Amino acid sequence: MAGLFHYPFMVHALEAGTIVAVVAGVAGWFMVLRRQTFAGHTLALIAFPGAAAAALAGLPLELGYFGSCGLGALALAGVRPGNRSLESAATGSLQALALALGYLFVDRYHGLLSGLDSLLFGTFLGVTSGQVVVLLGVAGVALALLSAAWRPLLFASIDPAAARARGVPVRLLGLGFLLVLGLAVAATSEITGALLVFALLVMPAATAQRLTTRPALGIALSAAIALAVTWGGLVLAYSTVYPVGFCVTSLAFGLYVTVRLARRPC
Amino acid sequence: MQEFMRNALVAGTFVGLAAGLAGWFVVLRAQVFAGDALGHVAFTGALGAAAAGIDARAGIFAATILAGAALGGLGERARADDVVIGSLFAWTLGLGVLFLSIFARSGGANGAEAVRVLFGTILGLSAAEVRAAVALGLLACALVLAIARPLLLASLDPSVAAARGVRVRLLDVLFLAAVGLVAAEATQAVGALLLLGLLAAPAGAAHRLTARPYLGLALSGGIAVGSVWLGLALVACVPALPPSTAIVAVAVSAYLAAAAPALLAVARRPPRRPYAASAARARANASTASETSAGE
């Protein structure tokens, strides 16, 4: 256990994990509040064809992750809220198309199996110092945007009709939030893989919202839980034979279930 | 026509039909996310079975049907909210990763099994597998059609349905179990990840095109089957295309074509409420529906 910090790959994983956990915890809190879990999941999966296309075209993977998540956010913002049936069908169709394209790109790209594995399940222990710098920049932008707009965003999320009447640009905020969520998801999925983003995006936020209804406290709590789960998962994976993805998701899920059983919704 | 293509066509027809019919209700009830979650459960079920040395197919069916029933039984009105579903299936995927690593360590082919489950093997079905797919597809269709009428009422207006004596909770559980069955079926055809292509896209197109329930159901099934056929025809012409990509691309194109008029006009018109009329009609017919379900 003492040797944990001797390996550069562990240090990078902890650094990247810390950044990603904070961004995912904060953005996830708003996502859960706005009940956009399905949209968030779809954004996370859209990162996969983006990265696969970038790999196929020989472009940097970051470009693929962030470009596709940005496009995905724009497309999702075009799905008009109001009718939940049609909304969920549109989101689902978008997700299916994204995954189908991703499979096509990975299939065309030689090295199908290992490439697919790391795109879907992440390369937590293969993070480089360059990636950490990029992540730090992206996280800074996402957090700055969220903290600049958090009051109107909160208002628009809780009561869109009243917010609109008070002159808050609800649709613009919705689009902006999806773009920030796309940033957060792209950053996270680069580390945890497209399939495991959810562990950090949903579960800490859902746990925090069970514990407190106070927004600022809830956001801080959500980030803290995401952080604890990430560190705990990394240490657990380091000291046992289990994969990182399993450790992180299990810790987060265990915490969520415990809180859910112990406390009535507040 | 080659043997494997004929097998794919036969199995794909029934998988598509089942997915189209169940998908119409999934979209009506805004439960696409639950369907998505069942796809991930199928992945974990298959890998769990592989890790334990059991037939992957058995793992898929057991996992999705159980998970469907559990999701149905979870929330009040059995519409487990999206946070619960999201948390559950994030963990399910984590479990899948664990099973994958156990399977890899015990000497199984590492990524190959995962890719098969995630993206389907419609061109590699044996004759026995085709027979199973046809039988289970028919079973799923029959199940959905048998509960279609009370389910329609329960979906549009649960409180009226309950007041009329429809067993809403039971229907919710039964329906999601049927969706689990469909999910397991579709996993074989297009894979766990692309399941939504057959579940959400044809149904979404049907809902865009008509608000009449039975016409919509038929249309949804028809578009899904058509997507499978056209997708396979594409693969026959362009062998480099993966079959699941082709099928899903056709289905999503159908959805986009159906949604295009609404998408183009969206800036000018307030959102419409396509089910207002059919909800009113269902309320008027509620007595008939309750008689039907009481007779069952």
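Student: How confident is the predictor in chain B, going by pLDDT?

Tutor: Start with the mean, then look at where the values rise and fall. This is a predicted model, and chain B has a mean pLDDT of 82, with 83% of its residues reaching 70 or more.

Student: Where in chain B is confidence lowest, and where is it highest?

Tutor: Helix H15 (residues 286-295) of chain B is at the bottom with a mean of 50, while helix H12 (residues 213-237) of chain B is at the top with 93. Have a look at the end of the chain too: over residues 291-296 of chain B, pLDDT stays under 50, and the model has six contacts beyond four places in sequence for that stretch. As for scores for the model, ipTM is 0.80 and pTM is 0.83.

Student: Now the secondary structure. How many helices and strands are there in chain A, and how many in chain B?

Tutor: Count each kind of element, chain by chain. Chain A comes to 13 helices and zero strands, and chain B has 15 helices and zero strands.

Student: What share of each chain is buried?

Tutor: For this, count the C-beta atoms around each residue; 20 or more others within 10 Å make it buried. Of the 266 residues in chain A, 55% are buried. In chain B, 57% of the 296 residues count as buried.

Student: And how do I read contacts against the sequence?

Tutor: Take contacts between residues at least 6 apart in sequence, and ask what percentage join residues at least 24 apart. That percentage is 74% in chain A and 79% in chain B.

Student: Which residues touch the most other members of the largest nonpolar core?

Tutor: Val23(A), Ala27(A), Ala22(B) and Ala178(B) do, in a core of 208 residues. Helix H9 (residues 168-190) of chain B gives the largest share of this core, 15 residues. Zoom in on Ala178(B): beyond its neighbours within four places in sequence, Ala178(B) is in contact with Ala22(B), Ala140(B), Leu143(B) and Val144(B).

Student: Can a whole helix be enclosed? Why is helix H7 (residues 148-156) of chain B described as largely enclosed by the rest of the structure?

Tutor: Go through the helix residue by residue. Seven of the nine residues of H7(B) are buried, so this helix is largely enclosed by the rest of the structure. Those buried residues are Pro150(B), Leu151(B), Leu152(B), Leu153(B), Ala154(B), Ser155(B) and Leu156(B).

Student: What covers the buried residues of H11(A)?

Tutor: H11(A) is mostly covered, with eight of its nine residues buried; among them are Met203(A), Thr207(A) and Arg210(A). The cover includes helix H1 (8-33), H10, helix H12 (215-239) and H13 of chain A, along with helix H4 (82-105) of chain B.

Student: That brings in both chains. How many residues of chain A are in contact with chain B?

Tutor: Read each side separately. Chain A has 45 residues in contact with 42 residues of chain B. On the chain A side, H4(A) gives the most, 17 residues. By class, that side of chain A has 26 nonpolar, 14 polar and five charged residues.

Student: How does H4(A) cross helix H11 (residues 201-209) of chain B?

Tutor: For a pair of helices, check the distance, the angle and the hand. The axes of H4(A) and H11(B) come within 9 Å and cross at roughly 140°, and the crossing is left-handed. Ser85(A), Leu86(A), Ala89(A), Ala90(A), Ser93(A) and Ala96(A) meet Ala201(B), Ala203(B), Gly204(B) and His207(B) there. That contact has six nonpolar, four polar and no charged residues.

Student: And at what angle do helix H1 (residues 3-28) of chain B and H11(B) pack?

Tutor: They pack at about 65°, with axes 8 Å apart, in a right-handed crossing. Gly20(B) and Trp24(B) of H1(B) are among the residues making the contact, as are Gly204(B) and His207(B) of H11(B).

Student: Last one: why does Thr121(B) count as partly exposed?

Tutor: Count its neighbours again. Thr121(B) has 18 C-beta neighbours inside 10 Å, so it counts as partly exposed. Thr121(B) sits in the loop between helix H5 (110-119) and helix H6 (127-146) of chain B. Its contacts, leaving aside neighbours within four places in sequence, are Arg116(B) and Gln188(B). Thr121(B) is also 113 residues from Ala8(B) in sequence, with 9.1 Å between their C-alpha atoms.

Conventions
Residues numbered from 1 in each chain as written. Chains lettered and ligands numbered in written order. Predicted model: local features only at pLDDT ≥ 70, side-chain atom pairs only at ≥ 80, totals over all residues. Helix = DSSP H or I, 4+ residues; strand = E, 2+ residues; numbered from the N terminus. Buried ≥ 20, exposed ≤ 12 C-beta atoms within 10 Å, placed from the backbone. Contact = placed C-beta atoms within 7 Å. Core = buried A, V, L, I, M, F, W, Y, C linked by C-beta atoms within 7 Å. Nonpolar A, V, L, I, M, F, W, Y, C, P; charged D, E, K, R; others polar. Axes fitted to C-alpha atoms, helices over the stretch in contact; angles between N-to-C directions. Left-handed = near helix turned anticlockwise from the far one by under 90°. pLDDT = per-residue confidence, 0-100.
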